[in-house]
Amino acid sequence: MFSIIYQFLLNFWNFLNELAVYIIIGLLIAGVVKYLLPDDFIRKHLGTPKSSSVIKSVLFGIPLPICSCSVIPIGVSLKKSGASSASVLSFLIATPVTGVDSILVTYGVFGGIFTAFRVVSSVFISLFAGMLGNVFIKEHEKSITKRKLKRRAKKRDLKNAIREIFNYSFNELFSPLAKPLLYGIALGALISLLPVDVLSHVDNLFLQYVLVLFLSVPIYVCSMSSIPIALSLITVGFSPGSALIFLTAGPATNTVTITTIYEIFGKKALVIYLFSIIAGSFLFAFLFDYFIGDVGIKTVNIPHHLHVSEIFAIVLLILIAYHLIKQWKSKVYP
């Protein structure tokens with residue numbers, strides 16, 4: 001029993017180490033975006049439940065080198081600024097799966113055909129999720145905060161800009177994320193206790209897809225760190241399509257993202273999000289394996305993703321504890 005608890009705590013700390021730097025960077029990016037882009041700009045381009053908002057969110061998200069956990073605070077920020085749920089769902093899928101850095105590394109490791117499939121599949125899945133969101137998610141105008149926009153021309157000096165960005169990033173934006181983040185990291189640490197070595201003994205193609213999907217959905221991997229894992233799947237006998245599923249579902253989903261979408265956007269949005277990723281990744285995996293197969297990839301060995309600094313993990317843990325205590329006090333002493 002003690003060894004299980006120790007392993008859980010170790011997994012929890014490792015998750016914090018992997019997540020923290022990306023979450024904090026994502027919060028800062030969200031603060032900068034919020035500072036530079038006024039709410040009416042977001043509402044104009046991403047706020048209407050139309051196909052154009054979904055397409056813009058995908059085009060906006062694809063080139064950004066942002067991982068699945070960094071994109072969460074940005075997506076929540078876009079929603080708070082007036083973006084539609086459908087366009088945010090598309091953004092949350094397109095952004096972490098691709099990115100200029102990830103595309104270049106994928107091309108260097110797997111070749112042009114496989115890379116093209118990865119990009120095209122992410123665009124298709126993102127657009128598909130957005131279109132479903134437009135159909136099934138009803139937007140409420142009263143849920144969009146229409147605050148008066150402060151013109152920063154009077155006080156646009158660096159000091160005030162930094163203060164405003166940090167206040168929005170680590171106070172206003174992070175507060176509703178604290179509990180989902182804690183639950184997601186704990187769940188990920190718990191799932192990591194399960195043995196996964198049986199994956200290397202599976203020959204059935206469809207079963208490979210299912211097992212890789214169960215491996216990739218709950219755990220955290222960014223688009224860059226997913227590449228050596230996908231490469232290892234191929235080297236132990238998994239199909240290229242299975243690796244494609246991992247490269248799609250891994251960065252786009254994890255327990256943190258899932259719990260956050262459920263808490264912030266609701267059950268219906270989460271169902272659309274997961275269904276789009278699962279169905280889309282299965283479709284493109286089958287197309288690759290059936291029509292292209294091993295001839296469509298080239299593989300090389302690349303170094304493993306470097307560990308992030310533990311300082312960021314400590315900072316993130318302090319932020320979570322601070323906001324949870326603050327929320328608890330507001331309920332006990334209203």
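Author: Let's start with one term: a polar contact is a pair of N or O atoms within 3.5 Å, where, within protein, one must be able to donate a hydrogen and the other to accept it. Keep in mind that this is a predicted model.

Reader: Fine. What makes the pair of Gly 31 and Ser 169 a polar contact?

Author: The backbone nitrogen of Gly 31 sits 3.4 Å from a polar atom of the Ser 169 side chain. The limit is 3.5 Å, so the pair counts. The Ser 169 side chain also reaches the backbone oxygen of Ile 165, at 2.8 Å, and that value is within 3.5 Å too.

Reader: Where is Ser 169, and why is Ser 169 called buried?

Author: Ser 169 belongs to helix H8, residues 158-172. Its relative accessible area is 0%, and buried means under 20%, so the label follows. Setting aside neighbours within four places in sequence, Ser 169 is in contact with Leu 27, Leu 28, Gly 31 and Phe 174.

Reader: How do you know that H4 is largely enclosed by the rest of the structure?

Author: Count the residues: eight of the 10 in H4 (residues 71-80) are buried, so the helix is largely enclosed. The buried ones are Val 71, Ile 72, Pro 73, Ile 74, Gly 75, Val 76, Ser 77 and Leu 78. After H4 comes Gly 82, with a positive phi near 115°.

Reader: And for the chain, what share of the residues is buried?

Author: Of the 334 residues, 50% are buried. The chain has 15 helices and zero strands. Among contacts with a separation of 6 or more, 88% are between residues 24 or more positions apart.

Reader: Which residues touch the most other members of the largest nonpolar core?

Author: That core has 77 residues, and the ones with the most partners are Phe 110, Phe 114, Phe 174, Phe 246, Ile 261 and Tyr 273. Take Phe 114: beyond four places in sequence, its contacts include Pro 240, Leu 247, Phe 288 and Ile 297.

Reader: Thr 115 comes next in the numbering. Why is Thr 115 called buried?

Author: Its relative accessible area is 6%, which is under the 20% cut-off, so Thr 115 is buried. Thr 115 is in H7, residues 112-136, and touches Ile 103, Thr 106 and Tyr 107, leaving out neighbours within four places.

Reader: Val 123 is in H7 as well. What makes Val 123 partly exposed?

Author: Val 123 comes in at 23% relative accessibility. Buried needs under 20% and exposed needs over 50%, so 23% falls in between. Val 123 touches Val 58 and Ile 62, not counting residues up to four places away. Its C-alpha is 9.7 Å from that of Thr 95, 28 residues away in sequence.

Reader: What about Gly 108: why is it called partly exposed?

Author: Gly 108 has 33% relative accessibility, between the 20% and 50% limits, so it gets that label. Gly 108 is in helix H6, residues 100-110. Its C-alpha is 8.5 Å from that of Lys 298, although 190 residues separate the two along the chain.

Reader: Last one: how do you know that Ile 4 can be part of a surface patch?

Author: Ile 4, in helix H1 (residues 2-36), has 47% relative accessibility and counts as partly exposed. Patch residues need over 30%, so Ile 4 clears that cut-off. Ile 4 forms the nonpolar patch with Leu 187, Leu 190 and Leu 193, and together they have about 320 Å² of accessible area. The accessible surface of the chain is about 16400 Å², with 71% belonging to carbon and sulfur atoms.

Note on methods: Residues numbered from 1 in each chain as written. Predicted model: local features only at pLDDT ≥ 70, side-chain atom pairs only at ≥ 80, totals over all residues. Heavy atoms only, no water. Core = buried A, V, L, I, M, F, W, Y, C linked by side-chain atoms within 4.5 Å. Buried < 20%, exposed > 50% of the residue type's maximum accessible area, 1.4 Å probe, protein only. Contact = heavy atoms within 4.5 Å. Helix = DSSP H or I, 4+ residues; strand = E, 2+ residues; numbered from the N terminus. Patch = residues over 30% accessible without salt bridge, like charges linked within 9 Å, V, L, I, M, F, W, Y side chains within 5 Å. Areas by Shrake-Rupley, 256 points an atom, 1.4 Å probe, with all protein chains shown as cover. Salt bridge = Lys/Arg side-chain N within 4 Å of Asp/Glu carboxyl O.
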